[in-house]
Structure formats: C-alpha cells, structure tokens
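Colleague: Could you take me through how you read burial, cores and helix packing in a model like this one?

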Amino acid sequence: MKPKTCKELVIQWCDANLVSAESELLKQGVRITNDMVADLMQKSLPDTGFSWETYKKWITIYRRGGIVRTKEQPELSEIIGQMADNRRETSSVFVVKNDPLDLDPLGIAPPDPEEIDIKKMMFDVPDTYSNYQAPIKLDGYGNKFGIVSDIHFPIHDRSAVLAAHSYLKKENIDCLILLGDIMDTGNLTRHALRKKLRYTWREELEVGRAYIRSLRVLFPDIPIVYFEGNHEQWFTQFIVRQAVQLDGDYIFQERLELEAHKIEWIAEERLGKIGELYIHHGHRLGVGGGMNVAQKLLDKHGVNLVVGHFHRAMEASKRSLDDKVHAVWVNPCLADLHPDYNPHGNGNQGFGVVELSSDGRFMMRQYKVMNGKVLGEKELYG
Ligand SMILES: [Fe+2]
C-alpha cells in the first residue's frame, strides 16, 4: 500500500534500508545518527513534499521504538487473495473429503476429525517455566523414621532435645527427619520483636553446627534428611533483602555444613513422602494457626500428612465414603516453650516415629516430652 504520511514513509523506508545501512557503517566504525538517516532519506526520496525536519522527527521516533503501527485496512482484493491462501494452506494441513455433491464449495466446513492428518498439524507451544516437582520419596531410606521439628537452635530446650534424641537412638531408627525450623535464625528476621537478641548470628550458627556434628556422632550411618522450614528460609530472605546480587552465593545449608555431614537438604517448596504419608514443615500448605490445625490441613488436603511449624501436638482423622481413612499429625516442638518473642504460648514438646510397611501403609506414634522426659503410656500428666 502506498504511504500517505511521512510516518508511513519513514516506516517503509527504514524497514527496508536502515538495518543494512547501520550494519554497513558499523563495520567502518561509524554509528549512523538520526541526522544522517534524514539526509539519506531526503536524497533517495527528493519529491515527497516532506521537509528534512519532518523526516528527522519520525526517524527519531522510529529508532526509539516509539512508532505504534496502525493496522491498515486491506483492500477487498487483498482479503479475497488471503482467503484463497488460507484455503490452500488448510487443504495442505487437513485432508478434506472429496464431496461429489459439493455441499461445501467454499471449503469452510470443518473436516471430519477422523480424516485429520495429525502428523501434518503444526500446533505447538513453547516450553513452560513452571517448576513444580513431585514429592521426594523416602521409602528406600528404611522402615522406621524418627521425626523432630522446631528445635529453634539456639533457643532450644536442651533437656527436651536430649530426651527426644536418646529415645530415637534406642528406637533404632533407620532414618532421621529434621522437619524444619531446626534453626531459629532469629538474627536475620525482619520481625520487629526479635531485633535485640542476646546472641549474634555467628553464635546462632555455631550452635547449629555443633548440633549437626553431634547428630552424626549419635547417628553415624543412617540417612538424615533436613526439610527447610520458614525460619531456615529467613536466611535466604535476608540475603535477598540486603544484597539480591549475592543470592545464590550464600546458601544456608552450606553455612550449616550439611553436605560435609552427609545430610540431605529438601527445599521448602518440595514435599516428601514415606509410603502413603506426605511430609512438609507445614508453612507452605495454605493453613494458618488456629484451634485445630490438623483438622484444617485434613479438610484442605485430604491426604495423610505430618507437619511441624505449629509447635503443638495435634491430630485429626476422617473416614471417607469409600472407607478410606486419612489422618494428619502436627509434630510438637523441642524449642524453649517461653521464648522472648512469645513467653506465654501454648506449645508443647515431643517428636514422632513412623513405621512403614511394605504396602505403603504406615503407623505413626507421637511422643510427648515433658520436663525433659519422654512420656510413655503409663506416665501421668500434670
Ligand atoms: Fe517453628
């Protein structure tokens, strides 16, 4: 279509000539200016009636990428030509039936799906950026799993930690699961109440490393899996807040020397699974606090699940119409029950043991710890 305005003329001329002119001159080390382009245009199109200044104005806008190309209305003959092209292309993609009665002379009826030649169809979409990964299966790690969560080093309860771990040692577990918030990371939080701590980040980290070292002395050979909790995640959030450019250079699990102690790290976005039991720290499952978090998690997700995060032993189960029973357990903590940031909370202490059978079913035992002692069936509360 013939350009009518200077803008259209500039689009047409620049589309056709500018890229090659630019690259030609760049080879000679010359960068073509808008003035030079205007000179060139005026020389090659002398009789358009547009001034050099008008050329330059539209060239400047064009090179800035600021030209909005309005859709030109095609002539009727172009539309008819395009329709014929479309029909030719369609017939090369679809095998259209030869209809002796020619009931569809324009060829616009959809072809019989059975006659579509799938191999010739060119429909495709680009790869996705989505990164969801299936739960990590831990079945191969053994049959008896110990679960501890929410120790919150260095504001842990030392006697509770000792009691839980020695019990798990006696239980002869095959695998130990650290279900998140093992570290408190209080120095790196942005929560206002935690700004003045009695210890530095370096001291927090040293306490955590000492635990990791002792853990490997207590359990020298069994697999140990560390699920990231929201408090571990504070480390990454801190780095990103302070210096996003360093994200990836400072990694929490490296600071804690997990790899050196052969402890497997599972990032917060991943679920774990032992047989039919799902595992997560609990902070990314779409349920806040409240009276019975286990019931809320069961209603929301409807699977067998164990989480930490809420610092209070809770359990809920339900039978569905197809006679399947699902249950959710909230693992209690091993942290100080009266931390500065929440001195009168109602958390309790304990840990869990999961025993897996060969068909994927499992048994969950949840133990309470009180005053540094593991409560058994005959112990008295109070
Ligand atoms: Fe926690």
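**Reading burial, cores and packing**

Modeller: This is a predicted model, and a convenient place to begin is I173, which is buried, with 21 other C-beta atoms within 10 Å.

Colleague: Why does I173 count as buried?

Modeller: A residue is called buried when 20 or more other C-beta atoms lie within 10 Å of its own; I173 has 21 such atoms and is therefore buried.

Colleague: Where along the chain is I173 placed, and which residues does I173 touch beyond those up to four places away in sequence?

Modeller: I173 lies in the loop between α5 (158–170) and β3 (175–178). Setting aside residues up to four places away in sequence, I173 touches K144, F145, G146, L168, I222 and V353. P223 is 50 residues from I173 in sequence, yet their C-alpha atoms are 9.9 Å apart in space.

Colleague: How do I set this residue against the chain as a whole?

Modeller: The protein chain has 382 residues, of which 26% count as buried, and its secondary structure comprises 9 helices and 13 strands. Among contacts in the protein chain with a separation of 6 or more, 66% are between residues 24 or more positions apart.

Colleague: Which residues touch the most other members of the largest nonpolar core?

Modeller: As a general idea, nonpolar side chains tend to be buried together in soluble globular proteins. Here, the largest nonpolar core holds 56 residues, and A164, I177, L178 and L334 touch the most other members. The element that gives the most to this core is α5, with 5 residues. A164, leaving aside its neighbours within four places in sequence, is in contact with V148, L334, F351, V369 and V374. There is also a second, separate core of 8 residues, among them W13, V37, A38 and Y55.

Colleague: How, then, should I read the packing of helix α2 against helix α3?

Modeller: One reads the angle and the distance between the axes together: α2 (residues 34–44) and α3 (residues 52–63) pack at an angle of about 125°, with their axes 9 Å apart. Angles from 65 to 115 degrees count as roughly perpendicular and those over 145 as roughly antiparallel, and α2 and α3 are therefore oblique to each other. The crossing in which α2 passes α3 is right-handed.

Colleague: Which residues of α2 and α3 meet there?

Modeller: From α2 come N34, D35, V37, A38, M41 and Q42, which meet W52, Y55, K56, I59, T60 and R63 in α3. By residue class, this contact of α2 with α3 divides into 6 nonpolar, 3 polar and 3 charged residues.

Definitions and conventions:
Residues numbered from 1 in each chain as written. Predicted model: local features only at pLDDT ≥ 70, side-chain atom pairs only at ≥ 80, totals over all residues. Axes fitted to C-alpha atoms, helices over the stretch in contact; angles between N-to-C directions. Helix = DSSP H or I, 4+ residues; strand = E, 2+ residues; numbered from the N terminus. Parallel < 35°, antiparallel > 145°, perpendicular 65-115°, else oblique. Left-handed = near helix turned anticlockwise from the far one by under 90°. Contact = placed C-beta atoms within 7 Å. Nonpolar A, V, L, I, M, F, W, Y, C, P; charged D, E, K, R; others polar. Buried ≥ 20, exposed ≤ 12 C-beta atoms within 10 Å, placed from the backbone. Core = buried A, V, L, I, M, F, W, Y, C linked by C-beta atoms within 7 Å.
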